[in-house]
Structure formats: C-alpha cells, structure tokens
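Please study the sequence and the structure shown below. Then attempt each exercise before reading its solution.

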Amino acid sequence: MSTNLKNSRSLRLIVALAIPFTLICYLYSWRQSPIFISRPAIPQSSETTRTCTAISVPLKEPSNNNNLTTPAARIYTLPDKVWHSAKFDDISETQRGWTGSWTRKNPSIRQELLTDRSAEAFVRAHYFETRPDIVEVYEALPIPILRADLFRYLVVLAEGGIWGDLDTSCEKEVAEWVPVEYRNENIDMIVGLEFDFEWRGPGTEVASQFCNWVFVGQKNSRNLKVIVDTVINKLEGIAQENAVRIEGITFEMLSDVVDVTGPKIMTIAILESLGQLLGRTVDDRDYAQIKQPKLVGDVLIMPGVSFAALQNGNPTDQGDALVTHHYEGSWKKEDADAKERKKQKQGKER
C-alpha cells in the first residue's frame with residue numbers, strides 16, 4: 001500500500017509538471033508561426049462605387065529579375081483613393097462597369113462617388129472656414145460642367161487621391177504607374193498629356209495640354225492650390241467683364257470651357273506653379289514628345305499613351321495605356337450649342 005501511495009504521488013507530480021511544460025512549448029511554437037488574418041472580400045461588381053472601402057495595404061512592388069540590385073521602395077506616398085462625381089447616384093450600367101474597373105485592377109484602393117448634393121456639402125465642410133470665397137463661387141456657379149471641373153480640383157486638394165471621370169476605366173494597377181527611378185521622389189501631382197505638341201516659340205500660348213479626366217494629387221497639393229486660385233480668379237474676371245454676378249455667367253460669355261475651368265487652364269496653372277518652384281520658365285520644351293514618364297519639379301508628367309491613348313493615335317513606343325477615356329462627356333453638346341448661338345449673335349451685330 002505504501003508503494004502504491006508513492007507511485008500515485010509520483011504520477012500526480014509528473015502530470016503537474018507536464019502540463020505547464022506542454023503549454024510553454026505550444027506558446028513558443030505559436031509565436032514562431034506566421035499569422036494569417038483574412039480580409040473581407042472586395043466585391044467585384046460595380047456597386048463598389050457606392051461606398052468608400054477603408055482597406056489600405058502597401059502597394060505591390062514591381063518584380064525585379066536582377067538579383068544584384070535592391071528591390072524598389074514601395075510607393076508609400078501615392079494616394080490610394082479614387083474619386084468620382086455624378087449628378088445623382090443612379091449612374092448607368094456602362095458607367096458602373098468603367099468605375100468598377102478601378103477596384104477590379106486595385107482591390108485595396110478606396111473609392112467614393114459623390115453626387116451634386118454631397119459634393120456641395122463636401123466643399124462647404126472643407127473650405128467654409130478657411131476659404132469662404134471658394135464656397136461662394138462654387139455654390140453660385142450656374143453651369144454644371146464648370147462646377148464639375150472646379151469640384152475635382154477641390155476634392156483632391158482637400159483629401160488627396162486619384163480623380164477619375166465616370167467615363168474612365170483603369171487599365172493597369174496604380175502601383176505600377178510610377179517608374180522605379182521616381183519612387184523615392186517628392187511627387188505632388190501626376191498628370192498625363194492629352195495633346196502632345198512641340199513648343200511654338202517665345203510669346204506663344206502653351207501648345208500641349210494635360211487632361212483633367214484623370215490626375216493624381218497629394219492632400220494640400222502645392223500645384224492644386226495654384227489651379228484652384230487660377231480658376232476662381234478666371235470665373236470672377238468673367239463675371240466682372242460681363243457686369244454680372246457669378247450666378248449670372250452663361251455659356252455665351254465663355255471662350256471655351258477648357259480655357260475657364262478645364263484642361264487648358266489646369267495646364268497653364270501647373271506650368272506657372274512649376275515656374276515658381278524652379279525659378280524659370282516651364283513650357284512644352286520640358287515634356288513634349290516624351291516616350292516615358294518625366295518628373296518636372298514635383299509633377300510627374302505621363303506620355304500621351306498613359307491617359308489619352310486614343311487622343312494621341314494609340315502610340316506603341318510610349319509604354320502601356322494606364323487609363324482609357326471613353327469620351328462620354330454630356331456637356332459638349334451644350335457647349336457646342338452655346339458657341340453656335342454666340343456666333344449667330346455676333347453675325348447679327350455685324
């Protein structure tokens with residue numbers, strides 16, 4: 001009986017020691033193993049445009065087959081949100097397909113569609129205290145395309161990101177847009193050539209033009225501030241010239257939308273901004289006929305194929321098309337009709 005008692009005590013002692021030892025071994029092995037955290041799946045339907053998906057992961061590094069070089073740094077500073085706007089949120093199925101391409105190509109990117117009403121609330125919330133003049137002009141603009149142009153600059157300036165018109169589709173993941181050699185540079189904006197022409201000589205208007213249906217900007221972008229101020233001044237000047245308030249501006253008072261709020265004035269403002277930064281004149285000679293992205297100051301300028309392949313004749317020597325523009329702009333007919341009315345009026349006056 002004494003032997004059995006001793007054996008029983010020994011067994012209890014062994015069990016008591018074995019349990020914590022086993023637990024320690026388990027915890028140690030668990031800490032050495034990788035932890036996999038499942039992320040919620042990103043819906044692949046175009047319904048992604050109705051919400052802002054708050055999933056952000058480091059952008060993918062390009063593959064590097066040369067083992068002797070170090071991998072390129074991740075593009076931590078490239079904004080990971082794409083913005084769209086529409087009059088209402090019931091956009092067409094075709095537009096849903098185009099806007100949905102942004103998240104299909106970039107599953108981790110956040111996306112938001114703002115309506116006219118939510119856009120107005122956004123501008124008031126972000127600018128009323130610091131720039132009430134911007135809010136006053138924006139809310140008074142009677143022509144939808146002028147408001148749409150101004151809003152795209154304001155929304156990216158306020159929060160940073162990628163602007164994409166409803167009729168643009170993403171063809172290549174955003175992580176691959178910036179060449180390796182520029183990934184550690186200070187990039188304030190990314191713009192692409194819509195028209196790519198040689199310099200026309202001193203004293204002439206800029207020949208080339210950047211498109212504004214897609215562009216990238218950092219939050220509080222230095223260049224976007226210049227663009228916004230230039231557009232506001234232009235609108236106020238048109239109102240003064242025609243002895244009306246901002247709400248009295250009509251299509252007939254405009255030379256062309258692109259010159260007032262669109263790509264042309266954006267291009268001119270960017271070149272002026274770069275001139276201030278670099279202390280010299282910046283014009284078409286800095287980027288005309290480029291075959292690959294070029295950093296001028298803090299603006300990365302993409303060749304014509306990147307954002308406007310069709311407009312530039314689908315060149316085959318400038319790399320890949322990054323975005324396709326499907327040219328669905330509904331404002332063009334209204335603009336053309338206004339120009340025709342203006343022409344007829346001038347004819348009668350003569």
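**Exercise 1. The chain as a whole**

Among contacts in the chain between residues at least 6 apart in sequence, 74% join residues at least 24 apart. The model is predicted.

Task: State how many helices and strands the chain has, and what share of its residues is buried.

Solution. Begin with the secondary structure: the chain has 10 helices and 10 strands. Next, turn to burial: of the 350 residues, 45% are buried. Finally, consider the surface: its accessible area is about 19200 Å², and 54% of this belongs to carbon and sulfur atoms.

**Exercise 2. The span of a helix**

Task: Determine what span helix α8 should have at 1.5 Å a residue, and compare it with the distance between its end C-alpha atoms.

Solution. Helix α8 covers residues 263-278, which is 16 residues. The expected span is 1.5 Å times one less than the number of residues, so for α8 it comes to 22 Å. The end C-alpha atoms of α8 are 22 Å apart, which agrees with the expected value. As a further step, inspect the burial within the helix: among the buried residues of α8 are Pro263, Ile265, Met266, Ile270 and Leu274. Just after α8, glycine 279 has a positive phi of about 70 degrees.

**Exercise 3. Two residues in strands**

Task: Decide whether lysine 81 and threonine 115 are buried or exposed.

Solution. The cut-off for a buried residue is under 20% relative accessible area. Lysine 81 lies in strand β1, residues 81-86. Its relative accessible area is 7%, so lysine 81 is buried. The side chain of lysine 81 also makes a polar contact of 3.0 Å with the side chain of glutamate 112. Threonine 115 lies in strand β2, residues 110-115. Its relative accessibility is 17%, and threonine 115 therefore counts as buried. Leaving aside residues up to four places away in sequence, threonine 115 touches Ala86, Lys87, Phe88 and Asp89.

**Exercise 4. Packing of a helix**

Task: Identify the buried residues of helix α4 and the helices against which they pack.

Solution. Helix α4 spans residues 132-140, and Ile134, Val135, Val137, Tyr138 and Ala140 are buried in it. These buried residues pack against α3 (116-127), α5 (144-159) and α6 (222-241).

**Exercise 5. Cysteines**

Task: State how many disulfides the structure holds, and give the relative accessible areas of cysteine 170 and cysteine 211.

Solution. A disulfide is a covalent bond between the sulfur atoms of two cysteines. The structure holds zero disulfides. Cysteine 170 has a relative accessible area of 2% and is buried. Cysteine 211 has a relative accessible area of 0% and is likewise buried.

Methods. Residues numbered from 1 in each chain as written. Predicted model: local features only at pLDDT ≥ 70, side-chain atom pairs only at ≥ 80, totals over all residues. Heavy atoms only, no water. Helix = DSSP H or I, 4+ residues; strand = E, 2+ residues; numbered from the N terminus. Buried < 20%, exposed > 50% of the residue type's maximum accessible area, 1.4 Å probe, protein only. Contact = heavy atoms within 4.5 Å. Areas by Shrake-Rupley, 256 points an atom, 1.4 Å probe, with all protein chains shown as cover. Disulfide = S-S within 2.5 Å. Polar contact = N/O pair within 3.5 Å; in protein donor to acceptor, adjacent residues only side chain to side chain.
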